[in-house]
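Me: I want the reasoning behind the labels, not just the labels. Take me through them one at a time.

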Amino acid sequence: MIIPPDAIWTIPCGIIMGAILLDIILGDPPNRYHPTAWAGRMIAIMIPFRREKYWGVLVVITSCGAVVTAAAILLYVTELLIPLLYIIVSILILKSTISIQNMERHANTVHDHIMSDDMRARVALACIVKRNTINLSTSQICSGTIESVAENTTDGTTSPLFYMGLFGVLGALVSRTVSTIDSMAGYHSEMFGKVGWFGANCDTILGWVPARITAYVMVLSALILQYDYRGAYHAICRDCKKPASLNSGYTMSAMAGALNITLEKPGQYTLGTGREACAKDIKDAIRIMKCTSYIFGGIVCSMAYVMSQVWPWVL
(Lines give C-alpha, C1' and ligand atoms only; values in the text may rest on other atoms or scores of the structure.)
Protein backbone atom coordinates (compact mmCIF):
# COMPACT_ATOMS: atom_id res chain seq x y z
CA MET A 1 0.00 0.00 0.00
CA ILE A 2 1.54 3.33 -1.08
CA ILE A 3 1.25 5.52 2.01
CA PRO A 4 3.92 7.87 3.39
CA PRO A 5 5.77 6.18 6.30
CA ASP A 6 4.91 9.03 8.67
CA ALA A 7 1.20 8.52 7.93
CA ILE A 8 1.07 4.71 8.19
CA TRP A 9 -0.60 4.96 11.62
CA THR A 10 -3.68 6.53 10.03
CA ILE A 11 -4.68 3.14 8.60
CA PRO A 12 -5.33 1.32 11.92
CA CYS A 13 -6.91 4.48 13.37
CA GLY A 14 -9.24 4.67 10.39
CA ILE A 15 -10.06 0.97 10.78
CA ILE A 16 -10.85 1.42 14.49
CA MET A 17 -13.07 4.45 13.94
CA GLY A 18 -14.71 2.84 10.92
CA ALA A 19 -15.55 -0.34 12.85
CA ILE A 20 -17.06 1.58 15.77
CA LEU A 21 -19.05 3.80 13.41
CA LEU A 22 -20.30 0.74 11.51
CA ASP A 23 -21.39 -0.82 14.80
CA ILE A 24 -23.27 2.36 15.74
CA ILE A 25 -25.05 2.48 12.39
CA LEU A 26 -25.76 -1.18 11.65
CA GLY A 27 -25.19 -3.23 14.78
CA ASP A 28 -24.53 -6.95 14.28
CA PRO A 29 -25.31 -8.70 10.99
CA PRO A 30 -27.36 -11.93 10.93
CA ASN A 31 -25.44 -14.94 12.26
CA ARG A 32 -25.05 -16.48 8.82
CA TYR A 33 -22.88 -13.48 7.85
CA HIS A 34 -21.08 -13.06 11.18
CA PRO A 35 -17.47 -14.35 11.49
CA THR A 36 -17.80 -14.73 15.27
CA ALA A 37 -20.88 -16.89 14.76
CA TRP A 38 -18.91 -18.99 12.25
CA ALA A 39 -16.18 -19.48 14.84
CA GLY A 40 -18.84 -20.35 17.41
CA ARG A 41 -20.24 -23.08 15.18
CA MET A 42 -16.79 -24.56 14.66
CA ILE A 43 -16.15 -24.49 18.42
CA ALA A 44 -19.54 -26.10 19.09
CA ILE A 45 -18.63 -28.95 16.74
CA MET A 46 -15.26 -29.56 18.38
CA ILE A 47 -16.14 -29.28 22.09
CA PRO A 48 -18.37 -32.36 22.55
CA PHE A 49 -15.83 -34.81 21.08
CA ARG A 50 -13.64 -35.11 24.16
CA ARG A 51 -13.71 -33.95 27.77
CA GLU A 52 -10.01 -34.22 28.60
CA LYS A 53 -7.98 -31.11 29.36
CA TYR A 54 -5.70 -31.54 26.36
CA TRP A 55 -8.77 -31.28 24.10
CA GLY A 56 -9.42 -27.83 25.51
CA VAL A 57 -5.95 -26.78 24.36
CA LEU A 58 -6.62 -28.14 20.87
CA VAL A 59 -9.96 -26.34 20.71
CA VAL A 60 -8.29 -22.99 21.38
CA ILE A 61 -5.33 -23.56 19.06
CA THR A 62 -7.44 -24.96 16.23
CA SER A 63 -10.17 -22.33 16.46
CA CYS A 64 -7.81 -19.37 16.70
CA GLY A 65 -5.53 -20.83 14.04
CA ALA A 66 -8.35 -21.40 11.57
CA VAL A 67 -9.89 -17.96 12.11
CA VAL A 68 -6.57 -16.10 11.93
CA THR A 69 -5.36 -18.04 8.88
CA ALA A 70 -8.56 -17.36 6.94
CA ALA A 71 -8.53 -13.67 7.86
CA ALA A 72 -4.80 -13.28 7.14
CA ILE A 73 -5.17 -14.79 3.65
CA LEU A 74 -8.15 -12.56 2.91
CA LEU A 75 -6.31 -9.45 4.10
CA TYR A 76 -3.14 -10.35 2.21
CA VAL A 77 -4.98 -10.92 -1.07
CA THR A 78 -7.06 -7.74 -0.80
CA GLU A 79 -3.99 -5.65 0.09
CA LEU A 80 -2.18 -6.96 -2.99
CA LEU A 81 -5.10 -6.44 -5.35
CA ILE A 82 -7.03 -3.40 -4.11
CA PRO A 83 -5.61 -1.45 -1.13
CA LEU A 84 -8.93 0.30 -0.43
CA LEU A 85 -10.67 -3.08 -0.28
CA TYR A 86 -8.08 -4.16 2.31
CA ILE A 87 -9.17 -1.29 4.57
CA ILE A 88 -12.86 -2.09 4.06
CA VAL A 89 -12.32 -5.78 4.84
CA SER A 90 -10.27 -4.84 7.92
CA ILE A 91 -13.11 -2.64 9.16
CA LEU A 92 -15.62 -5.45 8.63
CA ILE A 93 -13.43 -7.98 10.46
CA LEU A 94 -12.81 -5.64 13.40
CA LYS A 95 -16.52 -4.78 13.50
CA SER A 96 -17.25 -8.50 13.89
CA THR A 97 -15.22 -8.56 17.13
CA ILE A 98 -17.06 -5.73 18.90
CA SER A 99 -20.67 -5.72 20.06
CA ILE A 100 -21.71 -2.39 21.52
CA GLN A 101 -25.06 -2.25 19.76
CA ASN A 102 -25.72 -5.96 20.24
CA MET A 103 -25.28 -5.65 24.00
CA GLU A 104 -27.51 -2.58 24.03
CA ARG A 105 -30.20 -4.49 22.14
CA HIS A 106 -30.13 -7.44 24.56
CA ALA A 107 -30.20 -5.16 27.61
CA ASN A 108 -33.06 -3.11 26.17
CA THR A 109 -35.01 -6.31 25.53
CA VAL A 110 -34.77 -7.21 29.22
CA HIS A 111 -35.65 -3.62 30.18
CA ASP A 112 -38.76 -3.60 27.99
CA HIS A 113 -39.95 -6.94 29.37
CA ILE A 114 -39.43 -5.80 32.96
CA MET A 115 -41.90 -3.02 32.30
CA SER A 116 -44.58 -5.54 31.25
CA ASP A 117 -43.76 -9.15 32.14
CA ASP A 118 -41.16 -10.35 34.67
CA MET A 119 -41.24 -13.91 33.33
CA ARG A 120 -40.33 -12.80 29.82
CA ALA A 121 -37.63 -10.61 31.34
CA ARG A 122 -36.17 -13.65 33.11
CA VAL A 123 -36.12 -15.58 29.83
CA ALA A 124 -34.42 -12.66 28.05
CA LEU A 125 -31.86 -12.34 30.86
CA ALA A 126 -31.04 -16.06 30.58
CA CYS A 127 -29.72 -15.35 27.07
CA ILE A 128 -26.92 -13.12 28.39
CA VAL A 129 -25.98 -14.48 31.86
CA LYS A 130 -24.75 -17.82 33.21
CA ARG A 131 -27.15 -18.18 36.11
CA ASN A 132 -30.58 -19.58 36.89
CA THR A 133 -32.97 -16.68 36.31
CA ILE A 134 -36.30 -18.38 37.08
CA ASN A 135 -36.67 -17.21 40.69
CA LEU A 136 -35.01 -13.80 40.44
CA SER A 137 -36.82 -10.73 41.73
CA THR A 138 -37.25 -7.65 39.57
CA SER A 139 -34.26 -5.92 41.19
CA GLN A 140 -32.14 -9.06 40.69
CA ILE A 141 -33.14 -9.17 37.02
CA CYS A 142 -32.03 -5.55 36.68
CA SER A 143 -28.83 -6.33 38.56
CA GLY A 144 -28.00 -9.29 36.31
CA THR A 145 -28.59 -7.20 33.20
CA ILE A 146 -26.38 -4.37 34.41
CA GLU A 147 -23.64 -6.81 35.43
CA SER A 148 -23.74 -8.30 31.93
CA VAL A 149 -23.54 -4.83 30.34
CA ALA A 150 -20.53 -3.98 32.51
CA GLU A 151 -18.70 -7.27 31.93
CA ASN A 152 -19.43 -7.28 28.21
CA THR A 153 -17.89 -3.82 27.89
CA THR A 154 -14.56 -5.60 28.27
CA ASP A 155 -15.28 -8.96 26.66
CA GLY A 156 -17.30 -7.64 23.75
CA THR A 157 -15.60 -4.35 22.96
CA THR A 158 -12.57 -3.00 24.78
CA SER A 159 -10.53 -6.21 24.89
CA PRO A 160 -10.69 -6.77 21.11
CA LEU A 161 -9.95 -3.07 20.57
CA PHE A 162 -6.98 -3.29 22.95
CA TYR A 163 -5.44 -6.13 20.95
CA MET A 164 -6.25 -4.32 17.72
CA GLY A 165 -4.07 -1.49 19.03
CA LEU A 166 -1.24 -3.91 19.82
CA PHE A 167 -1.35 -6.49 17.04
CA GLY A 168 -3.78 -5.27 14.43
CA VAL A 169 -7.02 -6.82 13.24
CA LEU A 170 -5.75 -10.38 13.75
CA GLY A 171 -5.05 -9.60 17.42
CA ALA A 172 -8.65 -8.45 17.86
CA LEU A 173 -9.86 -11.60 16.14
CA VAL A 174 -7.89 -13.87 18.48
CA SER A 175 -9.20 -11.98 21.52
CA ARG A 176 -12.81 -12.36 20.42
CA THR A 177 -12.42 -16.01 19.44
CA VAL A 178 -10.98 -16.87 22.87
CA SER A 179 -13.80 -14.94 24.52
CA THR A 180 -16.31 -16.93 22.46
CA ILE A 181 -14.71 -20.19 23.58
CA ASP A 182 -14.91 -19.04 27.20
CA SER A 183 -18.57 -18.04 26.89
CA MET A 184 -19.44 -21.41 25.33
CA ALA A 185 -17.38 -23.78 27.48
CA GLY A 186 -15.37 -21.88 30.07
CA TYR A 187 -17.57 -22.50 33.10
CA HIS A 188 -17.78 -25.26 35.67
CA SER A 189 -20.04 -28.16 34.77
CA GLU A 190 -19.76 -31.90 34.32
CA MET A 191 -19.39 -31.50 30.57
CA PHE A 192 -17.18 -28.43 30.35
CA GLY A 193 -15.23 -28.59 33.61
CA LYS A 194 -12.11 -29.93 31.89
CA VAL A 195 -12.43 -29.09 28.21
CA GLY A 196 -13.17 -25.44 28.94
CA TRP A 197 -10.34 -24.78 31.37
CA PHE A 198 -7.76 -23.66 28.81
CA GLY A 199 -10.09 -21.28 26.99
CA ALA A 200 -11.24 -19.79 30.30
CA ASN A 201 -7.68 -19.21 31.46
CA CYS A 202 -6.64 -17.76 28.12
CA ASP A 203 -9.59 -15.39 28.29
CA THR A 204 -8.61 -14.35 31.81
CA ILE A 205 -5.04 -13.64 30.73
CA LEU A 206 -6.06 -11.71 27.62
CA GLY A 207 -8.65 -9.71 29.57
CA TRP A 208 -6.39 -8.87 32.52
CA VAL A 209 -5.09 -5.50 31.29
CA PRO A 210 -8.15 -4.40 29.25
CA ALA A 211 -10.52 -5.06 32.19
CA ARG A 212 -8.56 -2.82 34.52
CA ILE A 213 -8.14 -0.04 32.00
CA THR A 214 -11.82 -0.27 31.10
CA ALA A 215 -12.88 0.08 34.74
CA TYR A 216 -11.01 3.34 35.13
CA VAL A 217 -12.27 4.60 31.78
CA MET A 218 -15.74 3.92 33.24
CA VAL A 219 -14.86 6.28 36.07
CA LEU A 220 -14.04 8.93 33.46
CA SER A 221 -17.29 8.17 31.63
CA ALA A 222 -19.20 8.58 34.89
CA LEU A 223 -17.60 12.00 35.30
CA ILE A 224 -18.44 13.05 31.74
CA LEU A 225 -22.04 11.80 31.98
CA GLN A 226 -22.50 13.28 35.48
CA TYR A 227 -22.87 10.03 37.39
CA ASP A 228 -21.05 9.31 40.65
CA TYR A 229 -17.46 9.00 39.45
CA ARG A 230 -16.10 9.09 43.00
CA GLY A 231 -18.43 6.26 43.94
CA ALA A 232 -17.23 4.32 40.87
CA TYR A 233 -13.60 4.70 41.90
CA HIS A 234 -14.21 3.72 45.54
CA ALA A 235 -16.32 0.72 44.47
CA ILE A 236 -13.47 -0.55 42.31
CA CYS A 237 -11.04 -0.28 45.22
CA ARG A 238 -13.47 -1.95 47.63
CA ASP A 239 -15.31 -4.60 45.61
CA CYS A 240 -13.29 -5.53 42.50
CA LYS A 241 -12.03 -8.81 43.98
CA LYS A 242 -15.34 -10.11 45.31
CA PRO A 243 -16.44 -12.08 42.20
CA ALA A 244 -14.64 -15.34 41.45
CA SER A 245 -13.59 -13.94 38.08
CA LEU A 246 -10.27 -12.11 38.22
CA ASN A 247 -11.43 -9.51 35.69
CA SER A 248 -15.19 -8.95 35.72
CA GLY A 249 -15.26 -7.47 39.22
CA TYR A 250 -13.50 -4.33 38.03
CA THR A 251 -16.08 -3.13 35.52
CA MET A 252 -19.07 -4.44 37.50
CA SER A 253 -18.01 -2.65 40.68
CA ALA A 254 -17.28 0.52 38.69
CA MET A 255 -20.79 0.40 37.25
CA ALA A 256 -22.36 -0.23 40.66
CA GLY A 257 -20.52 2.73 42.18
CA ALA A 258 -21.27 5.05 39.25
CA LEU A 259 -25.02 4.36 39.53
CA ASN A 260 -25.09 4.24 43.36
CA ILE A 261 -26.71 0.81 43.30
CA THR A 262 -26.06 -2.68 44.64
CA LEU A 263 -25.33 -5.44 42.14
CA GLU A 264 -25.87 -8.93 43.47
CA LYS A 265 -25.39 -12.48 42.30
CA PRO A 266 -27.34 -14.36 44.99
CA GLY A 267 -25.13 -16.49 47.18
CA GLN A 268 -21.90 -15.33 45.56
CA TYR A 269 -21.21 -11.59 45.82
CA THR A 270 -22.62 -8.13 46.40
CA LEU A 271 -21.04 -5.10 44.73
CA GLY A 272 -21.69 -1.51 45.72
CA THR A 273 -23.42 -0.07 48.74
CA GLY A 274 -26.34 1.77 47.15
CA ARG A 275 -30.02 1.08 46.62
CA GLU A 276 -31.49 -1.89 44.75
CA ALA A 277 -31.20 -1.74 40.96
CA CYS A 278 -34.26 -0.74 38.93
CA ALA A 279 -35.20 -0.68 35.25
CA LYS A 280 -33.97 2.89 34.73
CA ASP A 281 -30.49 1.83 35.82
CA ILE A 282 -30.27 -0.49 32.80
CA LYS A 283 -30.61 2.51 30.50
CA ASP A 284 -28.00 4.41 32.51
CA ALA A 285 -25.63 1.42 32.39
CA ILE A 286 -25.97 1.34 28.60
CA ARG A 287 -25.03 5.03 28.43
CA ILE A 288 -21.91 4.42 30.51
CA MET A 289 -21.01 1.33 28.47
CA LYS A 290 -21.26 3.23 25.18
CA CYS A 291 -19.31 6.25 26.43
CA THR A 292 -16.60 3.96 27.82
CA SER A 293 -16.34 2.08 24.53
CA TYR A 294 -15.96 5.27 22.50
CA ILE A 295 -13.34 6.74 24.83
CA PHE A 296 -11.47 3.44 24.79
CA GLY A 297 -11.52 3.53 21.00
CA GLY A 298 -9.75 6.88 21.15
CA ILE A 299 -7.15 5.45 23.53
CA VAL A 300 -6.56 2.53 21.18
CA CYS A 301 -6.00 4.94 18.28
CA SER A 302 -3.15 6.43 20.33
CA MET A 303 -1.84 2.91 20.98
CA ALA A 304 -1.99 2.20 17.26
CA TYR A 305 0.14 5.27 16.57
CA VAL A 306 2.82 4.11 19.02
CA MET A 307 2.77 0.50 17.82
CA SER A 308 2.92 1.56 14.16
CA GLN A 309 6.38 2.91 14.95
CA VAL A 310 7.37 -0.47 16.43
CA TRP A 311 5.93 -2.91 13.88
CA PRO A 312 4.20 -1.13 10.96
CA TRP A 313 4.04 -4.42 9.06
CA VAL A 314 1.59 -5.75 11.69
CA LEU A 315 -0.72 -2.76 11.91
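What follows is a run of short questions and replies on a predicted model.

Me: Start with the whole chain. What does the secondary structure come to, and how much of the chain counts as buried?

Reply: The chain has twelve helices and three strands. Of its 315 residues, 53% count as buried. A residue earns that word when its relative accessible area is under 20%. The accessible surface comes to about 14,700 Å², and carbon and sulfur atoms hold 65% of that area.

Me: What share of the contacts in the chain joins residues 24 or more positions apart?

Reply: The share is 70%, taken over contacts with a separation of 6 or more.

Me: Now a single residue. Why is Y163 called buried?

Reply: Its relative accessible area is 11%. The cut-off is under 20%. Y163 is therefore buried. The residue sits in helix α7.

Me: Which residues does Y163 touch, beyond its neighbours up to four places away in sequence?

Reply: Y163 touches G168, G171, A172, S175, I205, L206 and P210. Across a gap of 44 residues along the chain, the C-alpha atoms of Y163 and G207 are separated by 9.9 Å.

Me: What lines the largest cavity?

Reply: D155, S159, S175, S179, D203, L206 and G207 line it. The elements giving two or more residues to this lining are α7 (138-167), α8 (169-185) and α9 (197-224). The largest share, three residues, comes from α9. By class, the lining has one nonpolar, four polar and two charged residues.

Me: What makes that space a cavity and not a pocket?

Reply: The test is escape. A 1.4 Å probe fits in a cavity but cannot get out, whereas a pocket is an open set of points. A search of the whole structure finds one cavity of 30 Å³ or more. About 50 Å³ of space lies in the largest cavity, so it passes that 30 Å³ limit.

Me: What makes a group of residues a nonpolar core?

Reply: Its members must be buried, be of the listed nonpolar types, and be joined through side-chain atoms within 4.5 Å. The largest such core has 44 residues. Those with the most contacts inside it are V110, I114, I146, M255, L259 and I288. A second, separate core of 30 residues includes I93, F162, A172 and V217. In soluble globular proteins, nonpolar side chains tend to be buried together.

Me: Which residues does I114 touch, leaving out those up to four places away in sequence?

Reply: I114 touches A121, T138, I141, C142, A279 and I282.

Me: Why is T138 called partly exposed?

Reply: T138 has 33% relative accessibility. Partly exposed runs between the buried cut-off of 20% and the exposed cut-off of 50%. T138 therefore counts as partly exposed. The residue is in helix α7. Apart from neighbours within four places, T138 is in contact with I114 and D118. T138 and C278 are 140 residues apart in sequence, yet 7.6 Å apart in space, C-alpha to C-alpha.

Me: Why does E264 get that label too?

Reply: At 31% relative accessibility, E264 is also between the two cut-offs, so it counts as partly exposed. E264 lies in strand β1. Its contacts, leaving aside neighbours within four places, are R131, Q140, S143, E147, Y269 and T270. The C-alpha atoms of E264 and C142 are separated by 9.8 Å, with their positions 122 residues apart along the chain.

Me: How do you know that K242 is partly exposed?

Reply: Its relative accessibility is 43%, which is between 20% and 50%, so the label holds. K242 is in the loop between α10 and α11. Beyond four places in sequence, K242 touches Y269, T270 and L271.

Me: What is unusual to note in the phi of Q226, and why is Q226 called exposed?

Reply: Phi is positive, about 65°, although Q226 is not a glycine. Its relative accessibility is 73%, over the 50% cut-off, so Q226 counts as exposed. Q226 is found in the loop between α9 and α10 (229-239).

Me: And N260: why is it called partly exposed?

Reply: N260 has 42% relative accessibility, between 20% and 50%, so it counts as partly exposed. N260 is in the loop between α11 (248-259) and β1 (261-265). Its phi is also positive, near 55°, and N260 is not a glycine.

Key: Residues are numbered from 1 along each chain as its sequence is written. This is a predicted model: local features need pLDDT of at least 70, side-chain atom pairs count only at pLDDT 80 or more; totals for chains, interfaces and linings use all residues. Side-chain values use heavy atoms; hydrogens and water are left out. On a 1 Å grid over the protein atoms alone, a cavity is a set of points where a 1.4 Å probe fits but cannot get out, and a pocket is an open set with protein on both sides within 12 Å along at least five of seven lines; lining residues have an atom within 4 Å of a point. Grid points are joined across faces, edges and corners, and a volume is the space filled by probe spheres set on the points. Helices (H or I, at least four residues) and strands (E, at least two) are DSSP runs, numbered from the N terminus. Ala, Val, Leu, Ile, Met, Phe, Trp, Tyr, Cys and Pro count as nonpolar, Asp, Glu, Lys and Arg as charged, and the others, Gly among them, as polar. Buried means under 20% relative accessible area, exposed over 50%, partly exposed in between (1.4 Å probe, protein chains only). Contact means heavy atoms within 4.5 Å. Accessible areas come from the Shrake-Rupley method with a 1.4 Å probe; for residues, only the protein chains shown count as cover.
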